[in-house]
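What follows walks through the packing of helices and the order of strands in a single protein chain. Please keep the sequence and the coordinates at hand while reading.

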Amino acid sequence: MPAPVPGELVRVAALADIHYSKNSAGSMAPLFEQIVEAADVLVLCGDLTDYGLAEEARVLAKDLASVKIPVVGVLGNHDFEAEEQKEIAQVLGDVGMHLLDGDAWTYRNVGFAGVRGFCGGFGRGALGPWGERIVKDFVHEAVEEALKLEAALARIEMPNRIALMHYAPIRDTVEGEALEIFPFLGSSRLEDPLMRFQVTAVFHGHAHKGAPEGKTQTGIPVFNVAHAVLKSNYPDRPPFRVFEVHTAAESTEPSVTPVGDRRHWGRRATDRAPSSS
Ligand SMILES: [Fe+2]
Ligand SMILES: [Fe+2]
């Protein structure tokens, strides 16, 4: 891998919820070809399989084997359905995918921290650890995932930190789903580490009918890259998004620009028009 250069640009393609089934062989191959042309790294934010079967992961692994750029990602709730998540991770790891579960991985000047995340709701509506043991255990899972995310972010030494998760860390990007299921789509407990470490951007999936973009309370951009969200919000484009990550140089902060959009998301939350066009 070439040495990192301060201030360079890394193109990150992001996608989630591809839900590979036993019959999906080749279904994403044309899309993966386009991604390889458009980006330096591919991020996959969970629900890689439909029923959580290792057999489904093997179908995906075959298609991923032709992706000649690094692939990094996390598992989603569907990948746990059959309790074959360890085998799924092994199968995808064997074709070179970097699956993160409280770990960090670095590409050039950019550090990626990933967890699956969990649910429990947002803000004042978040479920608290009170009452029955089973409620406490449920909340504990979200707290554990947030702690894992924090530990992973702490391991990244460079200022360019990208966070990956399956569940949503904020309410904004689940807007569009039925209000009744908001608490099952994510947890704002995942938001605290993002703000503490001032990550450059966050990618997640899970909310198939959610909104593509939102911000943390401190203005960090959060992108819901679920396949269905991209298809419905950007019907004139192939269903993946590419983000130019402008890594930090001596005098500049990291920032991220979605390719094809006329916006530039600085770490401090300001949407600025790009200087050209
Ligand atoms: Fe999904
Ligand atoms: Fe999901």
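Two strands are said to pair if DSSP finds at least two bridges between them. The model considered here is predicted, and in it strand β5 (residues 103-107) pairs with strand β6 (residues 110-114) in the antiparallel sense, over five bridges. Within this pair, Tyr-107 stands opposite Val-110 in β6. The hairpin formed by β5 and β6 has two residues between the strands, and Arg-108 takes a positive phi near 50° there.

On from the hairpin, β6 is joined by four bridges to strand β7 (residues 161-164), and these two strands run parallel, with Gly-111 opposite Arg-161 in β7. Helix α4 (residues 133-154) packs on the sheet, where it touches β5, β6 and β7, and its direction makes about 160° with that of β6.

The sheet as a whole is open and has six strands in the order β5-β6-β7-β8-β10-β9, with mixed pairing. Because β5 and β9 (213-215) stand at the edges with a single partner strand each, one side of each is left without a neighbour in the sheet. On average, and with direction ignored, neighbouring strands are turned by 25° against each other.

A further contact involves helix α2 (residues 54-64) and helix α3 (residues 85-94), whose axes come within 9 Å and cross at roughly 15°. Angles under 35 degrees count as roughly parallel, and α2 and α3 are therefore roughly parallel to each other; their crossing is right-handed. Ala-54, Ala-57, Arg-58 and Ala-61 of α2 make the contact with Glu-87, Ile-88, Val-91, Leu-92 and Asp-94 of α3, which by class gives six nonpolar, no polar and three charged residues.

Note on methods:
Residues are numbered from 1 along each chain as its sequence is written. Chains are lettered from A and ligands numbered from 1 in the order in which they are written. This is a predicted model: local features need pLDDT of at least 70, side-chain atom pairs count only at pLDDT 80 or more; totals for chains, interfaces and linings use all residues. Axes are lines fitted to C-alpha atoms, for helices over the stretch in contact, and angles run from 0 to 180 degrees between N-to-C directions. Angles under 35 degrees count as roughly parallel, over 145 as roughly antiparallel, 65 to 115 as roughly perpendicular and the rest as oblique. A crossing is left-handed if the near helix is turned anticlockwise from the far one by less than a right angle, and right-handed if clockwise. Two residues are in contact if their C-beta atoms, placed from the backbone, lie within 7 Å. Ala, Val, Leu, Ile, Met, Phe, Trp, Tyr, Cys and Pro count as nonpolar, Asp, Glu, Lys and Arg as charged, and the others, Gly among them, as polar.
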